[in-house]
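Thanks for coming, everyone. Please pull up the model on your screens. I'll keep this brief.

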Amino acid sequence: MIEPSQLHKIQRLSAVMRVLTVAALAVLPVLLAALWLFAPEIFWNTPELQMVRRSDPDLPLGLRVAAAAVTLAAAGPLLFGLDQLRRLFTLYCTGKVFVAEGARRLRAFAWAVILMAVVQPVAGAALTVLLTLDNPPGQRMLSISFGSGEIQTLFVGLLFLVVATIMGEATRIADENAEFV
């Protein structure tokens with residue numbers, strides 16, 4: 001059982017985190033699309049695209065839209081994970097801290113993070129092909145990158161998966177013990 005003062009702190013912090021996740025869910029897709037449509041040069045310094053050399057540095061609108069679509073598709077696991085966190089923090093706001101649904105939400109978030117580590121290199125490869133498609137033959141590219149960022153993301157996802165599994169087991173044991181009373 002959580003002390004009332006501690007539960008109140010958890011609820012306050014969870015309310016802040018819920019607002020932040022809702023804001024990220026609303027802003028992130030719009031921001032990614034807007035950057036590709038109106039300021040695509042921002043993406044040229046990302047690790048996936050640093051090697052891309054276009055024969056024409058100006059991106060036609062069709063390419064910007066296609067790049068935005070690839071980027072938004074790659075952000076899918078992140079958005080799903082953020083939604084799982086939003087739902088988790090909603091539970092915590094209502095005082096439901098040690099419940100099976102909380103462990104399920106954390107597990108779903110963990111799988112979203114793991115999926116992000118896999119999707120990012122694929123999206124980066126798709127963007128390199130897409131952005132060099134109109135280059136002359138011999139100057140088109142396919143670049144696949146799997147580096148320390150993806151390894152860190154994978155590790156964090158696996159860490160959350162372990163924590164979610166422990167929380168699920170703790171919840172199961174607490175429910176079992178509550179039946180004895």
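I'll go through salt bridges, then a pocket, a surface patch and some distances.

One caution before we start. This is a predicted model.

Let's begin with the charged contacts. How many salt bridges does the structure hold? The count is five. I'll walk through some of them.

Go to helix H3, residues 76-93. Arg-86 and Asp-83 both sit there, three residues apart. That spacing is about one turn of the helix. Their side chains meet in a salt bridge, at 2.8 Å from N to O. Now look at cover. Is Asp-83 buried or exposed? Asp-83 has a relative accessible area of 18%, so it is buried. The cut-off for buried is under 20%. Arg-86 comes out at 24% relative accessibility, so it counts as partly exposed.

Next, helix H4. Glu-101 and Arg-105 both lie in this helix, four residues apart. Again, that is about one turn. Glu-101 forms a salt bridge with Arg-105, and the closest N and O atoms are 3.2 Å apart. Arg-105 is buried because its relative accessible area is 18%. Glu-101 has 29% relative accessibility, so it counts as partly exposed.

Then helix H5. Here Glu-169 pairs with Arg-172 in a salt bridge. The closest N and O atoms are 2.4 Å apart. Both residues lie in H5, three residues apart, about one turn of the helix. How much of each partner is accessible? Glu-169 counts as partly exposed, at 36% relative accessibility. Arg-172 is partly exposed too, with a relative accessible area of 40%. Which residues are joined into one network by salt bridges that share partners? They are Asp-83, Arg-86 and Arg-87. So that takes us back to the Arg-86 and Asp-83 pair, which meets in a salt bridge because its side chains come to 2.8 Å, N to O, inside the 4 Å limit.

On to empty space. Rolling a probe the size of a water molecule over the atoms shows where such space is left. Turn to the second largest pocket. Its volume is about 240 Å³. What lines the second largest pocket? From the start of the numbering, we have Met-1, Ile-2 and Leu-7. Then come Gly-95, Lys-96, Val-97 and Phe-98. Ala-174 is in the lining as well. By class, six of these residues are nonpolar, one is polar and one is charged.

Now the outside. Find Val-129, Leu-133, Leu-142 and Ile-144. Together they make a nonpolar surface patch of about 400 Å². Take Leu-142 from that group. Where does Leu-142 lie? It is in the loop between helix H4, residues 100-132, and helix H5, residues 148-180. Leu-142 counts as exposed because its relative accessibility is 58%, and the cut-off for exposed is over 50%.

Last, two distances. Thr-71 lies in helix H2, residues 61-74. At 14% relative accessibility, Thr-71 counts as buried. Thr-71 and Arg-12 are 59 residues apart in sequence. In space, they are 34 Å apart, C-alpha to C-alpha.

The other distance starts at Leu-127, in helix H4. Leu-127 counts as buried, at 8% relative accessibility. Its partner for this comparison is Val-99, 28 residues away along the chain. Their C-alpha atoms are separated by 41 Å.

That's my tour. Over to you for discussion.

Note on methods
Residues are numbered from 1 along each chain as its sequence is written. This is a predicted model: local features need pLDDT of at least 70, side-chain atom pairs count only at pLDDT 80 or more; totals for chains, interfaces and linings use all residues. Side-chain values use heavy atoms; hydrogens and water are left out. On a 1 Å grid over the protein atoms alone, a cavity is a set of points where a 1.4 Å probe fits but cannot get out, and a pocket is an open set with protein on both sides within 12 Å along at least five of seven lines; lining residues have an atom within 4 Å of a point. Grid points are joined across faces, edges and corners, and a volume is the space filled by probe spheres set on the points. Ala, Val, Leu, Ile, Met, Phe, Trp, Tyr, Cys and Pro count as nonpolar, Asp, Glu, Lys and Arg as charged, and the others, Gly among them, as polar. Patches are made of residues with over 30% relative accessible area and no salt bridge: like charges are joined within 9 Å, nonpolar side chains (Val, Leu, Ile, Met, Phe, Trp, Tyr) within 5 Å. Accessible areas come from the Shrake-Rupley method with a 1.4 Å probe; for residues, only the protein chains shown count as cover. Helices (H or I, at least four residues) and strands (E, at least two) are DSSP runs, numbered from the N terminus. Buried means under 20% relative accessible area, exposed over 50%, partly exposed in between (1.4 Å probe, protein chains only).
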